[in-house]
Amino acid sequence: QVHLVESGGGLVQAGGSLRLSCTSSGSTISINSWGWIRQNPGNQRGAVATITSGGTTNYADSVKGRFTISRDDAKNTLDLQMNKLQPEDTGLYFCIAQDTMNHYWGQGTQVTVSS
């Protein structure tokens, strides 16, 4: 059982920064990719950033140059550094882990960016 817990969300003004963290536990040795999914106020979901076990990263066009995804295997964490935040970045951010069979979701952490 893979268990994911996000933290670090909050309220921030446009132009500010936040750092999200996802702590994982359970059997994660088979996880081949990790990522952050954002659910916007219209309840649409989309990938914000992903990283493979090999370290390959991918970003949504809207966050390129502003967000950085990283993993810390020693701490069993997945992080998302978010800079120059915009109101359009507002949403519920989920930590996702994927193996060959399943996607595992955290409970989500809310990010609200005010203008």
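Visitor: Which cysteines form a disulfide here, and how far apart are their sulfur atoms?

Guide: A disulfide is a covalent bond between the sulfur atoms of two cysteines. Keep in mind that we are reading a predicted model. In it, Cys22 and Cys95 make the link, with their sulfur atoms 2.1 Å apart. The count for the structure comes to one disulfide.

Visitor: What is the handedness of that link, and what is the angle about the S-S bond?

Guide: The link of Cys22 and Cys95 is left-handed, with -75° about the S-S bond. It connects distant parts of the chain: Cys22 sits in strand β3 and Cys95 in strand β9 (residues 91-98), 73 residues apart.

Visitor: Are Cys22 and Cys95 buried or exposed?

Guide: Both Cys22 and Cys95 are buried.

Visitor: Let's go on to the sheet around β3. What is the strand order?

Guide: Strands of a sheet pair through backbone hydrogen bonds, either parallel or antiparallel. Here you have an open sheet of four strands in the order β1-β3-β8-β7, with antiparallel pairing. The edges are β1 and β7 (67-72), each of which pairs on one side only. On average, neighbouring strands of this sheet are turned by 15° against each other, direction ignored.

Visitor: How many bridges join β1 to β3?

Guide: Six bridges join the two, and they run antiparallel. If you want to check the register by eye, Glu6 stands opposite Cys22 in β3, and Ser7 stands opposite Ser21 in β3.

Visitor: Which side chains of β1 point to which face?

Guide: In a regular strand the side chains alternate between the two faces of the sheet. Strand β1 (residues 2-7) does just that: Val2, Leu4 and Glu6 point to one face and are buried, whereas His3, Val5 and Ser7 point to the other and are not.

Visitor: Next, a charged-looking name in the sheet. Where is Asp79, and is Asp79 buried or exposed?

Guide: Asp79 belongs to strand β8 (residues 77-82). Its relative accessible area is 10%, so Asp79 is buried. The side chains of Asp79 and Ser21 are joined by a polar contact of 3.0 Å. Beyond its neighbours within four places in sequence, Asp79 is in contact with several residues, including Arg19, Cys22, Trp36 and Thr68.

Visitor: What does Leu18 touch, setting aside residues up to four places away in sequence?

Guide: Among its partners are Val12, Leu80, Met82, Leu85 and Val111. Leu18 is found in strand β3, and Leu18 counts as buried because its relative accessible area is 15%. For a sense of how sequence and space differ, take Leu18 and Leu85: they are 67 residues apart along the chain, with their C-alpha atoms separated by 8.1 Å.

Visitor: How many aromatic pairs does a search of the whole structure find?

Guide: The search finds one aromatic pair. Phe94 and Trp105 form it, with an edge-to-face geometry: 5.2 Å centre to centre and 75° between the planes. Phe94 lies in strand β9 and Trp105 in strand β10 (residues 103-105), so the pair ties together parts that are eleven residues apart in sequence. As for accessibility, Phe94 counts as buried at 7%, while Trp105 is partly exposed at 38%.

Visitor: Let's try the loops. Where does Ser53 sit, and which backbone oxygen does its side chain reach?

Guide: Ser53 is in the loop between β5 (45-52) and β6 (57-59). The side chain of Ser53 reaches the backbone oxygen of Ile31 at 2.8 Å. Leaving out residues up to four places away in sequence, Ser53 touches Ile31, Asn32, Ser33 and Arg71. Ser53 is partly exposed, with a relative accessible area of 38%. The C-alpha atoms of Ser53 and Asp73 are separated by 9.9 Å, and the two residues are 20 apart along the chain.

Visitor: What is phi of Asn43, and what is phi of Asn76?

Guide: Asn43 has phi near 65°, a positive value in a residue other than glycine. Asn43 is placed in the loop between β4 (33-39) and β5, and counts as exposed at 56% relative accessibility. For Asn76, phi is near 55°, again a positive value in a residue other than glycine. Asn76 lies in the loop between β7 and β8, and is partly exposed with a relative accessible area of 39%.

Methods
Residues are numbered from 1 along each chain as its sequence is written. This is a predicted model: local features need pLDDT of at least 70, side-chain atom pairs count only at pLDDT 80 or more; totals for chains, interfaces and linings use all residues. Side-chain values use heavy atoms; hydrogens and water are left out. Buried means under 20% relative accessible area, exposed over 50%, partly exposed in between (1.4 Å probe, protein chains only). A polar contact is a pair of N or O atoms within 3.5 Å; within protein, one must be able to donate a hydrogen and the other to accept it, and residues adjacent in sequence count only if both atoms are side-chain atoms. Contact means heavy atoms within 4.5 Å. Two strands pair if DSSP finds at least two bridges between them. A disulfide is a pair of cysteine sulfur atoms within 2.5 Å. Rings of Phe, Tyr and Trp (its six-membered ring) pair if their centres lie within 6.5 Å; planes under 30 degrees apart count as stacked, over 60 as edge-to-face and the rest as tilted. Axes are lines fitted to C-alpha atoms, for helices over the stretch in contact, and angles run from 0 to 180 degrees between N-to-C directions.
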